[in-house]
Amino acid sequence: MTAFRRVAIVGRTGSSHVVDSLGIVVTALATAGVELVFEERTAAMLSRSDGIPRETVGCGVDLVVVVGGDGSILGVARDVAHAGVPVLGVNRGGLGFLADIAPDQIPEKVAQVMAGAYRVEERFLLEASVRDNNRPPTHPGDAVGIGVALNDVVVHAGSMSRMMDFQLFIDDEFIYEQRSDGLIISTPTGSTAYALSAGGPILHPRLDAVEIVPMFPHTLTSRPLVVNGDSTICVRIGDAAATPKVSCDSQVDFALGPNDEVRIVKHGDPLRLAFPIGHSFYESCRSKLDWATRLGGRR
């Protein structure tokens with residue numbers, strides 16, 4: 001008997017490979033005897049007319065299956081975290097730290113999950129709110145934009161070859177003032193993404209911590225900083241950059257101005273990620289970050 005009764009399916013658009021994998025997923029789920037629900041753009045890819053809006057895809061289902069890359073799961077996370085429904089990823093993208101099931105494993109792994117051979121990991125998200133301190137006194141500190149990120153919140157200059165000035169505060173304590181390309185504030189989940197490319201440490205996803213990674217700072221002494229996951233992080237914008245921005249998972253952007261503040265805190269609802277039994281974070285690092293390669297090309 002299947003562990004789930006009603007399963008929603010979300011696919012990344014614009015790829016024939018995703019369509020092929022969606023067909024295999026649908027067959028595997030139908031074989032398990034579950035009721036299927038399709039996100040509206042995914043339904044259109046499969047020439048179906050019974051799709052539901054993306055923002056409601058986590059409502060009334062027991063599992064959401066995402067066919068795409070890690071970027072697809074980042075987008076789905078914002079829509080389903082509040083519902084508390086597990087998300088299972090099928091990788092049709094790049095590295096696949098979140099979308100763990102390879103295309104050739106779909107029938108076997110989906111059947112295992114449907115039979116109850118899976119585990120769920122909770123991953124916290126970050127919430128970034130932008131406060132415009134240049135508003136009239138009747139609206140001081142109002143949030144003019146709020147975004148949620150599973151991987152990272154990035155405050156950046158907004159254009160290539162430009163640097164920005166900003167101040168960093170943690171729990172209302174001044175940390176430093178910096179001139180650089182910006183700052184990456186990353187969850188443990190995002191520590192293997194953009195933050196890793198910028199020289200940040202790899203954090204185990206079960207850690208309750210946030211890492212702060214400077215982007216090409218104009219100093220030799222600025223290093224990544226790891227703080228408690230419940231910290232309140234504030235970035236106060238200076239006046240050096242012409243078009244500064246804050247980006248959530250590189251999918252949601254807000255424009256910033258001088259003296260604006262970006263406050264980053266832990267989001268209230270975690271994402272529940274489902275993995276087949278046997279999934280290992282360290283094995284993912286070995287295979288996807290090439291840890292298994294030895295000097296001379298031998299393993």
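**Pockets, cores and a few odd residues**

Hi everyone, let me start with helix α6, residues 281-288, which gives the most to the lining of the second largest pocket: four residues. Before I go on, please keep in mind that this is a predicted model.

So, that pocket. Its volume is about 220 Å³. The lining is made up of 17 residues, and those closest to the pocket centre are Asp100, Ile101, Gln105, Lys109 and His279. If you sort the lining of the second largest pocket by class, you get eight polar, five nonpolar and four charged residues.

Now for enclosed space. Rolling a probe the size of a water molecule over the atoms shows where empty space is left. How many cavities of 30 Å³ or more does a search of the whole structure find? The search finds one. The largest cavity holds about 80 Å³ of space. Its lining consists of Phe97, Leu98, Arg123, Pro188, Thr189, Thr192, Pro205, His279, Phe281 and Ser284. By class, that is five nonpolar, four polar and one charged. You may have spotted a name from a moment ago: His279 lines the largest cavity, and His279 is also listed among the residues closest to the centre of the second largest pocket.

On to the cores. In soluble globular proteins, nonpolar side chains tend to be buried together. Here, the largest nonpolar core has 27 residues, and Ile185, Ile212, Val235 and Ile264 have the most contacts inside it. The elements giving two or more residues to this core are β6 (126-131), β8 (152-156), β9 (164-170), β11 (182-186), β12 (209-215), β14 (233-237), β15 (245-248) and β17 (261-266). Which of them gives the most? That would be β9, with four residues.

To get a feel for this core, click on Val235. Leaving out neighbours within four places in sequence, Val235 contacts Val155, Phe166, Gln167, Leu168, Leu183, Ile185, Asp260, Glu261, Val262 and Ile264. Apart from this core lies another one, of 23 residues, including Val64, Val66, Val76 and Val85.

Let's visit that second core through Val64. Val64 sits in strand β3, residues 63-68. Is Val64 buried or exposed? Val64 counts as buried because its relative accessibility is 0%, and the cut-off for buried is under 20%. Beyond its neighbours within four places in sequence, Val64 is in contact with Ala8, Val10, Val57, Gly58, Val76, Val80, Val85, Pro86, Val87 and Leu88. Take Val85 from that list: Val64 and Val85 are 21 residues apart along the chain, and their C-alpha atoms are separated by 7.0 Å.

Val76 and Val80 bring us to helix α3, since both are among its buried residues. Helix α3, residues 70-80, is mostly covered, with eight of its 11 residues buried. Those eight are Asp70, Ser72, Ile73, Leu74, Gly75, Val76, Ala77 and Val80. What covers them? The cover includes β1 (6-11), β3, β4 (87-91) and β18 (271-276).

Next, some polar details. Back in strand β9 we find Asp165. The side chains of Asp165 and Arg179 are joined by a polar contact of 3.3 Å. Not counting residues up to four places away in sequence, Asp165 touches Gln178, Arg179, Arg236, Ile237, Gly238 and Ala240.

Then there is Ser180, in strand β10, residues 173-180. Ser180 is buried, with a relative accessible area of 0%. Its side chain makes a polar contact of 2.9 Å with the side chain of Gln178, and it reaches the backbone oxygen of Gly182 at 3.1 Å. Outside its neighbours within four places in sequence, Ser180 contacts Met163, Met164, Phe166, Met215, Phe216 and Pro217.

Phe216 deserves a stop of its own. Most residues other than glycine have a negative phi, and most peptide bonds are trans. Phe216 is not a glycine, yet it has a positive phi of about 50°. Phe216 lies in the loop between β12 and β13 (225-228), and at 64% relative accessibility it counts as exposed.

One more residue with a positive phi, and then I'm done: Asp290, with phi near 65°. Asp290 is in the segment after α6, which takes us back to the helix we began with. With a relative accessible area of 42%, Asp290 is partly exposed. Thanks for listening!

Methods. Residues numbered from 1 in each chain as written. Predicted model: local features only at pLDDT ≥ 70, side-chain atom pairs only at ≥ 80, totals over all residues. Heavy atoms only, no water. 1 Å grid on protein atoms, 1.4 Å probe; cavity = no way out; pocket = protein on both sides within 12 Å on 5 of 7 lines; lining within 4 Å. Points joined across faces, edges and corners; volume = space filled by probe spheres on them. Nonpolar A, V, L, I, M, F, W, Y, C, P; charged D, E, K, R; others polar. Core = buried A, V, L, I, M, F, W, Y, C linked by side-chain atoms within 4.5 Å. Buried < 20%, exposed > 50% of the residue type's maximum accessible area, 1.4 Å probe, protein only. Contact = heavy atoms within 4.5 Å. Polar contact = N/O pair within 3.5 Å; in protein donor to acceptor, adjacent residues only side chain to side chain.
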